[in-house]
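Subject: Structure for your files

Hello,

Here is the structure I promised to send over. My notes follow below it.

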Amino acid sequence: MYFAISHLPRRSRQTPHSKSPIRTHSWPGLNQSAPINSGHFEQPEELVITVVLSPHSDDACFSLGFMLQMNPGSILLNLYTSTDFMATGRIRAVDASHLRRTEDEAFAARLGLQMKDLALPEALLRGHHPFDLRGIERDATELDEALCPLLAGICETAGSNRIDLFCPLGVGGHRDHVATLMVVIENLPVLSEHFRVCFYEDLPYASYAASRETAASRLKAWLSPRQLVRQVLVLNDSQFAEKLELARLYHSQFSAVAESSKLIPAESPSPMPHEAWWTLN
Ligand SMILES: [Zn+2]
């Protein structure tokens, strides 16, 4: 299966962070019939294929670790995996990237995931403060060019099976998370033909109520008048303990979220452990 639309209608949309219109876009290569080298994945037998876009090496685990555990064979696409960032401080990029790759490999092996790294440099290595969104449209363009051929390859492999595509909601406003969200939003008309798009609440950022609500409101405004529905996967005590065990596979990052409450989306008055994402109604 190939994307039927090679050129999207030109649109413009304002982001809350910039007065310049979000980048307009065409899908490079998606109308080509040749196999896409970097986008080949084995086709699982399940009728639903789960694909998670993880801006950094730990986002999928922290935000959706238990959901992924319930869906072996899922596809994990790590985007900005060239990094020098550790919870304890910055080190040589080659060392940090390698260490975090080993953590990802352990996570993927434990859950039986198919994993692919785009190896894009994260915000700090691109010379940006991680929470400064100025000029983010260019980042989104670069990510688009790397990511969209991969998604096309997954569609090709999936055939008529349903694909659930999990994209970060961008809670907390990290530049790499928001760029990911922008690419998915911009391509939503085409993606929706092939994927059931889900916007997940990024942890640990979503453990802060104000950040979570701001991101949810932003998405609702962007997609209005379409309605969004919050989906919740509630974890009992033993399931949450399993999730924490998965999070601890990320030794280099887990100290930043050492408190278990940082792995629970904030939802008043007293949230049960859960993972959450938003779907279009
Ligand atoms: Zn991240």
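How many bridges join β9 to strand β11, and do the two run parallel or antiparallel? In this predicted model, β9 and β11 (residues 274–280) are joined by three bridges and run antiparallel. Within that pairing, Tyr200 has Trp277 of β11 as its bridge partner.

Strand β9 also pairs with β8 (residues 162–168), here through five bridges and in the parallel sense. Cys167 is the residue that stands opposite Phe199 of β9. As for its surroundings, β9 covers residues 196–200, and four of these five residues are buried, so the strand is largely enclosed by the rest of the structure.

Helix α1 (residues 59–69) is in a similar position: 10 of its 11 residues are buried, so the rest of the structure largely encloses it. Among the buried ones are Ala60, Leu64 and Leu68. These three come up again below. An α-helix has 3.6 residues a turn, so residues three or four places apart point the same way.

The largest nonpolar core holds 66 residues, and Val52 and Phe166 have the most contacts inside it. Helix α3 (residues 136–158) supplies the largest share of this core, with 11 residues.

What does Val52 touch, once neighbours within four places in sequence are left aside? Its contacts are Ala60, Leu64 and Leu68, then Ser74, Leu76 and Leu77, and also Phe166. Val52 is therefore in contact with three residues that are buried in α1, and with Phe166, the other residue named for the most contacts inside the core.

Regards

Methods. Residues are numbered from 1 along each chain as its sequence is written. This is a predicted model: local features need pLDDT of at least 70, side-chain atom pairs count only at pLDDT 80 or more; totals for chains, interfaces and linings use all residues. A residue is buried if 20 or more other C-beta atoms lie within 10 Å of its own, exposed if 12 or fewer, and partly exposed in between; C-beta atoms are placed from the backbone. Helices (H or I, at least four residues) and strands (E, at least two) are DSSP runs, numbered from the N terminus. Two strands pair if DSSP finds at least two bridges between them. A nonpolar core is a set of buried Ala, Val, Leu, Ile, Met, Phe, Trp, Tyr and Cys residues joined through C-beta atoms within 7 Å. Two residues are in contact if their C-beta atoms, placed from the backbone, lie within 7 Å.
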